[in-house]
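Please take a moment with the sequence and the structure shown below before reading on. The paragraphs that follow go through the model step by step, beginning with its sheet.

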Amino acid sequence: MEKILTGLQPTGVITLGNYIGAIKQMIKYQDMYESYIFIADMHSITIPQDPIELSKNIKSLLALYLACGIDPKKNKIFLQSENEYHANISWILECNTYYGELSRMTQFKDKSKKNANFTSGLLTYPVLMAADILAYDVDYVAVGVDQKQHVELARDIAERFNKKFGNTFKMPNPLMTKEGTKIMDLVDPTKKMSKSSENQKGVIRLLDDPEIIRKKIMGATTDSDMKICFDVENKPGISNLINIYASLTGKTIKEVEEIFKDKKYGELKSCVADVVIQELSVIQKRYYEIINSGELNKILDDGINFTRNISKNKFELMKNKMGLHR
């Protein structure tokens with residue numbers, strides 16, 4: 001069976017965009033592939049984090065994965081920082097990666113402009129991401145559109161290492177869906193919905209109360225055209241609402257356009273709010289059932305015991321090929 005991998009950072013309660021763009025896809029893929037899911041806590045510390053809050057978010061994120069429908073029997077679920085071989089593999093890969101490659105990464109350019117005193121981790125974390133991927137010889141990496149560049153970098157690094165030291169890594173491929181991979185901010189639909197957004201009115205979090213969810217969607221930015229059609233360039237707000245509705249109902253963009261072609265914007269918003277609340281209410285009920293249960297630690301223990309052996313073998317292979325042995 002082919003392998004697939006994905007990961008999410010435990011920085012704050014995850015959003016509807018995270019759910020649609022990553023977790024929802026993994027629910028589908030867990031029946032199609034041998035699936036690896038990791039909580040990318042080491043990636044989160046490229047910017048300062050409150051230790052207590054970070055630890056709390058790790059537990060919350062795992063509970064949300066399970067509440068969303070991720071089956072621990074069908075996935076290897078683990079905490080990135082508990083596997084020391086990710087960082088070890090990353091260091092070797094860093095020594096085979098060029099500064100120019102990392103400085104051209106879109107997310108680095110964007111984040112470094114916002115903070116002149118960024119850490120070196122912000123520059124090099126794409127190599128750690130490459131290590132996350134390459135350690136397990138996965139066939140696919142489930143990513144949103146904005147993360148495709150990181151998979152491409154992992155491929156470049158793997159190809160370079162293979163040419164220098166012999167066949168070591170499988171070449172991974174990004175796996176994306178056409179609809180729902182990039183949910184936009186409700187207030188500024190030209191930007192991706194982000195848990196770190198300055199204006200939280202544009203962000204729906206999976207644990208938001210139903211009243212708050214409805215208020216945010218009813219207040220979503222649209223336009224004055226009053227025509228419901230999918231046109232990202234000219235109608236980003238309406239296109240975003242259509243995308244959300246399509247993603248949660250399983251309908252195509254064309255089908256959603258047909259449903260709402262004679263409707264008003266308020267009706268579209270109300271229907272989108274209904275399907276979002278319906279979906280998230282089920283998740284929230286399950287989340288509060290398991291957040292304090294003992295199954296969370298067992299799942300992480302099982303996951304790290306399985307994945308540590310695989311990544312250790314890959315690290316030892318890399319060391320031997322580079323002459324890092326007695």
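In this predicted model, five strands make up an open sheet whose order is β3-β2-β1-β4-β5, and the pairing between them is parallel. The edges are formed by β3, residues 75–79, and β5, residues 173–175, each of which pairs on one side only. On average, and with direction ignored, neighbouring strands of this sheet are turned by 25° against each other. Helix α1, which covers residues 16–29, packs on the sheet, where it touches β1, β2, β4 (140–142) and β5, and its direction makes about 150° with that of β1.

Strand β1 is a good place to look at the pairing in detail. Its residues 3–8 are joined by six bridges to residues 34–39 of strand β2, and the two strands run parallel. Within this pairing, Thr6 of β1 stands opposite Ile37 in β2, while Ile4 has Ser35 as its bridge partner in β2. The pairing of β1 with β4 is also in the parallel sense and extends over two bridges; here the bridge partner of Ile4 in β4 is Tyr140. Ile4 thus has a bridge partner in β2 and another in β4.

From the strands we can turn to the aromatic rings, for which the count comes to twelve pairs. A pair of aromatic rings is described by the distance of the centres and the angle of the planes. One of these pairs is formed by Tyr36 and Phe306, with 6.4 Å from centre to centre and 45° between the planes, and it is classed as tilted. This pair links distant parts of the chain, since Tyr36 lies in strand β2 and Phe306 in helix α13 (residues 295–322), 270 residues apart. How accessible are the two partners, buried or partly exposed? Tyr36 has 0% relative accessibility and therefore counts as buried, whereas Phe306, with a relative accessible area of 37%, is partly exposed. Both residues belong to one aromatic cluster, which is formed by Tyr36, Phe38, Phe78, Tyr136 and Phe306. The ring of Phe306 also has a charge over it, for the charged end of Lys76 sits there, 5.0 Å from the ring centre.

Helix α3 offers a check on regular geometry. Its 18 residues, 51–68, should span 26 Å at 1.5 Å a residue, and because its end C-alpha atoms are 26 Å apart, the expected and computed values agree. Many residues can be followed along this helix; those that are buried include Leu54, Ile58, Leu61, Leu62, Leu64, Tyr65, Leu66 and Cys68. After α3 comes Gly69, whose phi is positive, near 120°.

Positive phi values also occur at residues that are not glycine. Most residues other than glycine have a negative phi. Asp137 is not a glycine, yet it has a positive phi of about 50°, and its place is the loop between α7 (120–134) and β4. With a relative accessible area of 25%, Asp137 is partly exposed. Met226, which is not a glycine either, has a positive phi of about 65° and is found in the loop between α9 (210–218) and α10 (236–249). Met226 is likewise partly exposed, and its relative accessible area is 47%.

Notes:
Residues are numbered from 1 along each chain as its sequence is written. This is a predicted model: local features need pLDDT of at least 70, side-chain atom pairs count only at pLDDT 80 or more; totals for chains, interfaces and linings use all residues. Side-chain values use heavy atoms; hydrogens and water are left out. Two strands pair if DSSP finds at least two bridges between them. Helices (H or I, at least four residues) and strands (E, at least two) are DSSP runs, numbered from the N terminus. Axes are lines fitted to C-alpha atoms, for helices over the stretch in contact, and angles run from 0 to 180 degrees between N-to-C directions. Contact means heavy atoms within 4.5 Å. Rings of Phe, Tyr and Trp (its six-membered ring) pair if their centres lie within 6.5 Å; planes under 30 degrees apart count as stacked, over 60 as edge-to-face and the rest as tilted. Buried means under 20% relative accessible area, exposed over 50%, partly exposed in between (1.4 Å probe, protein chains only). A charge sits over a ring if NZ of Lys or CZ of Arg is within 6 Å of the ring centre and within 35 degrees of the ring normal. The expected span of a helix is 1.5 Å times one less than its number of residues.
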